[in-house]
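Biologist: Please take a close look at one part for me, the ligand site. Start with a detail of the backbone if you like, then stay with the ligand.

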Amino acid sequence: MRAAVVSDSGDDAAFSLLERPDPRCGPDDAVMRITAAGVNRADILQRRGLYPPPPGAPEWPGLEAAGTVAEVGAAVTGWRPGDRACALLPGGGYAERVAVDASLLLPVPAGVTDVEAASLVEAACTVVSNLDAAGARAGETLLVHGGSGGVGTAAIQIAKARGMRVIATAGGAARAGRCAALGADHALDHRAGGWVDEVRALGGADVILDVVGAAYLADNVRALRTGGRLVVIGLQKGARAELDLGALLTKRATLLGTTLRARPLAERAAIVARVRDEVWPLVPRIVRPVVHATFPLAHAGDAHAALESGEVFGKVVLTVP
Ligand SMILES: NC(=O)c1ccc[n+]([C@@H]2O[C@H](COP(=O)([O-])OP(=O)(O)OC[C@H]3O[C@@H](n4cnc5c(N)ncnc54)[C@H](OP(=O)(O)O)[C@@H]3O)[C@@H](O)[C@H]2O)c1
């Protein structure tokens, strides 16, 4: 099979489409013939050598993919060759085939293309696991930063379906407007400044899903209501910050941080099962995949450049011929 392997030329955006051995199907695995693979910001870090694949994962990136089951291991039940499927992967999506533990497979929802399915797996797993970790409940207010991103576009829709009030931030009025069109009750342009005061004027947030990191830490705590939970999942603006802990104490607030890929298999499988129960029945009528652009696998570097341009709204997906 062929895989888009990060080239060692040192060129920032370079991938090479190289022959690699077909993946072997272990007893608990399914081998999937990939037709579409989602592109994530973590893939960019991996390309730059800053986020190495976990032990046992292929060397090339790709945290989510969709396609057709080609082979199943002896211990696998519930999946057969020929089934359409998508999967949460520890890596290896940028290829024609991947082996994955069958507990990480999901069906492709009816009415959804493989490209759309591949765009939604990682984001839906991220959103559901973090809303659960924060104990997010109907009637509460969620503030989601980067409402324009892959995670954010899913978070707006999933949180609304949970019965939450959603405030989203995005860069620019047009991107904020698109967050509102996805269902955000309030969409704020963070480039205009003053989002903390606007959130406070709206009563504050019970839960914040933050993809920005250090630069937003103190402001996020200011935006929390009493008993609020701040979940940091991205560090786009730094990993080190200073915080007045008094603000956490008086608000009886909780600060959480999570990652998805590093979790033990059983935890990732439980998250996939939660997504299958909570989100998949809502796709595509209530939770719509938001695909900004597709690129052929051979042009994975262009897909990364698109994501790095900051112009993407939603997801970029690779198509595998
Ligand atoms: N911990 C985990 O398990 C986990 C899982 C998935 C993703 N992540 C991380 O979460 C982050 C988001 O992932 P993603 O897939 O949604 O990425 P994405 O599609 O690239 O979206 C990132 C969004 O962040 C927004 N943003 C960038 N700088 C900002 C700033 N200074 N203030 C406010 N918003 C800003 C951008 O929106 P505007 O341009 O509109 O401002 C962009 O739409 C990434 O860092 C990713 O690595 C973590």
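**A loop, then the ligand site**

Modeller: Arginine 252 sits in the loop between helix 7 (245-251) and strand 13 (254-257); helices (H or I, at least four residues) and strands (E, at least two) are DSSP runs, numbered from the N terminus. Arginine 252 is not a glycine, yet its phi is positive, about 50°. This is a predicted model: local features need pLDDT of at least 70, side-chain atom pairs count only at pLDDT 80 or more, and totals for chains, interfaces and linings use all residues. Residues are numbered from 1 along each chain as its sequence is written, and side-chain values use heavy atoms, without hydrogens and water.

Now the ligand. It is surrounded by 24 residues (a heavy atom within 4 Å). The closest are Arg41, Ser148, Gly171, His190 and Thr258. The shell divides into 8 nonpolar, 12 polar and 4 charged residues (Ala, Val, Leu, Ile, Met, Phe, Trp, Tyr, Cys and Pro are nonpolar; Asp, Glu, Lys and Arg charged; the others, Gly among them, polar). Helix 2 (114-133) and helix 3 (150-161) each supply at least two shell residues. Domain 1 (2-121 + 261-319) and domain 2 (123-257) both contribute to the shell, so the ligand lies between them; the bounds come from an automatic or database domain assignment.

Next, the polar contacts (N or O pairs within 3.5 Å). A polar side-chain atom of histidine 190 is 2.5 Å from a ligand oxygen. A backbone N or O atom of threonine 258 lies 2.8 Å from a ligand nitrogen. A polar backbone atom of leucine 260 is 3.0 Å from a ligand oxygen. Overall, the protein covers 86% of the 900 Å² of accessible area that the ligand has on its own (Shrake-Rupley method, 1.4 Å probe).

Methods:
Polar contact = N/O pair within 3.5 Å; in protein donor to acceptor, adjacent residues only side chain to side chain.
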